[in-house]
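This report describes a single protein model for a reader who is new to structural descriptions. Please keep the sequence and the structure in view while reading.

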Amino acid sequence: MTKNEIKKAVAKRTALGFMIGVFIGQTILILESLGMRDGNFYPFTTGLYELAGTKIGAVIIQYFITGLMGSMFAGTSVIFELDDWSLLRQTATHFIFTSILMYIAGFISGWFPHTVTSTIIWFVVFIVIYIIFWTSFTLYYKNKVKKINEAL
């Protein structure tokens, strides 16, 4: 990919990723609210409400955080199309970007307590989830390449 193609792909994926991120974020909030089984909708955490100072402020922050997370995951996926980078470099770069940005989003949103122990647990959970997704995508694309090679 040329630098211009990379810029276009990142811009396109980032815009689409924002919408997908908001959709996924809202879906998770609805499912979590349903899980509470009290008929209420919980659109944000107490910590986010305290940060924002108003309910609408917390909802707006939550909206943009989930959108930015979607943008970040979609935009950084271009890293895996850089043919001149090794898979290790691609994975390490993607992991660093996503883990830092997800941590910041979780910290601001109040998804976990702001303690050292919670931070360590958060990163362990993130690493496990990242490995599961990375392995799943790797196996999927290896299978796809195998089918293409068989067709040739």
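In which loop does Arg37 lie? The loop that holds Arg37 is the one between α1 (3–36) and α2 (46–52). Before this loop is examined further, the whole chain should be introduced.

**The chain as a whole**

The model is predicted. The protein has five helices and zero strands, and its pattern along the sequence reads α-α-α-α-α. Taken along the principal axes, the C-alpha atoms fill a box of roughly 55 × 30 × 30 Å. Of the 152 residues in the protein, 28% are buried.

The contacts give a view of how parts of the chain meet. Among contacts between residues at least 6 apart in sequence, 57% join residues at least 24 apart.

The accessible surface of the protein comes to about 10600 Å², and 72% of this surface belongs to carbon and sulfur atoms. The protein has 12 positive and 8 negative charges, and the mean positions of these two groups are 5 Å apart.

**The loop between α1 and α2**

Three residues of this loop may be considered in turn. Arg37 has a phi near 55°, which is a positive value in a residue other than glycine. Is Arg37 buried or exposed? Arg37 counts as exposed, because its relative accessibility is 76% and the cut-off for exposed is over 50%.

Gly39 lies in the loop between α1 and α2, and Gly39 counts as exposed at 80% relative accessibility. The C-alpha atoms of Gly39 and Ile131 are separated by 36 Å, and the two residues are 92 residues apart along the chain.

Phe41 also has its place in the loop between α1 and α2. At 44% relative accessibility, Phe41 counts as partly exposed. Leaving aside residues up to four places away in sequence, Phe41 touches Gln26, Leu29, Ile30 and Ser33. From Phe41 to Gly25 the C-alpha distance is 13 Å, with the two positions 16 residues apart in sequence numbering.

**Helices α2 and α3**

Tyr49 is found in helix α2 and counts as partly exposed, with 34% relative accessibility. Residues up to four places away in sequence aside, Tyr49 touches Phe44, Thr54, Lys55 and Ala58. Tyr49 and Gly110 are 61 residues apart along the chain, while their C-alpha atoms are separated by 9.1 Å.

Gln62 belongs to helix α3 (residues 55–76). Is Gln62 buried or exposed? Gln62 is buried, because its relative accessible area is 4% and the cut-off for buried is under 20%. Which residues does Gln62 touch, not counting those up to four places away in sequence? The residues in question are Leu29, Pro43, Leu48, Ser109 and Trp111.

The table below collects the relative accessibility of several residues.

| Residue | Relative accessibility | Class |
|---|---|---|
| Arg37 | 76% | exposed |
| Gly39 | 80% | exposed |
| Phe41 | 44% | partly exposed |
| Tyr49 | 34% | partly exposed |
| Gln62 | 4% | buried |
| Glu81 | 30% | partly exposed |
| Arg13 | 24% | partly exposed |

**The salt bridge**

How many salt bridges does the structure hold? The structure holds one salt bridge. Glu81 forms this salt bridge with Arg13, and the closest N and O atoms are 2.5 Å apart. The pair links distant parts of the chain, since Glu81 is in the loop between α3 and α4 (87–109), Arg13 is in helix α1, and the two are 68 residues apart. Side chains of opposite charge can pair when their charged atoms come close. Glu81 counts as partly exposed at 30% relative accessibility, and Arg13 counts as partly exposed at 24%.

**A nonpolar patch**

The surface also carries a nonpolar patch. The residues that form this patch are Val116, Ile120, Ile121, Val124, Val125, Val128, Ile129, Ile132, Phe133, Phe137, Tyr140 and Tyr141. Together they have about 1200 Å² of accessible area. One of the patch residues, Ile121, is found in helix α5 (residues 116–151).

Methods:
Residues numbered from 1 in each chain as written. Predicted model: local features only at pLDDT ≥ 70, side-chain atom pairs only at ≥ 80, totals over all residues. Heavy atoms only, no water. Helix = DSSP H or I, 4+ residues; strand = E, 2+ residues; numbered from the N terminus. Buried < 20%, exposed > 50% of the residue type's maximum accessible area, 1.4 Å probe, protein only. Contact = heavy atoms within 4.5 Å. Areas by Shrake-Rupley, 256 points an atom, 1.4 Å probe, with all protein chains shown as cover. Lys, Arg positive; Asp, Glu negative; His and termini not counted. Charge placed at Lys NZ, Arg CZ, Asp CG, Glu CD. Patch = residues over 30% accessible without salt bridge, like charges linked within 9 Å, V, L, I, M, F, W, Y side chains within 5 Å. Salt bridge = Lys/Arg side-chain N within 4 Å of Asp/Glu carboxyl O.
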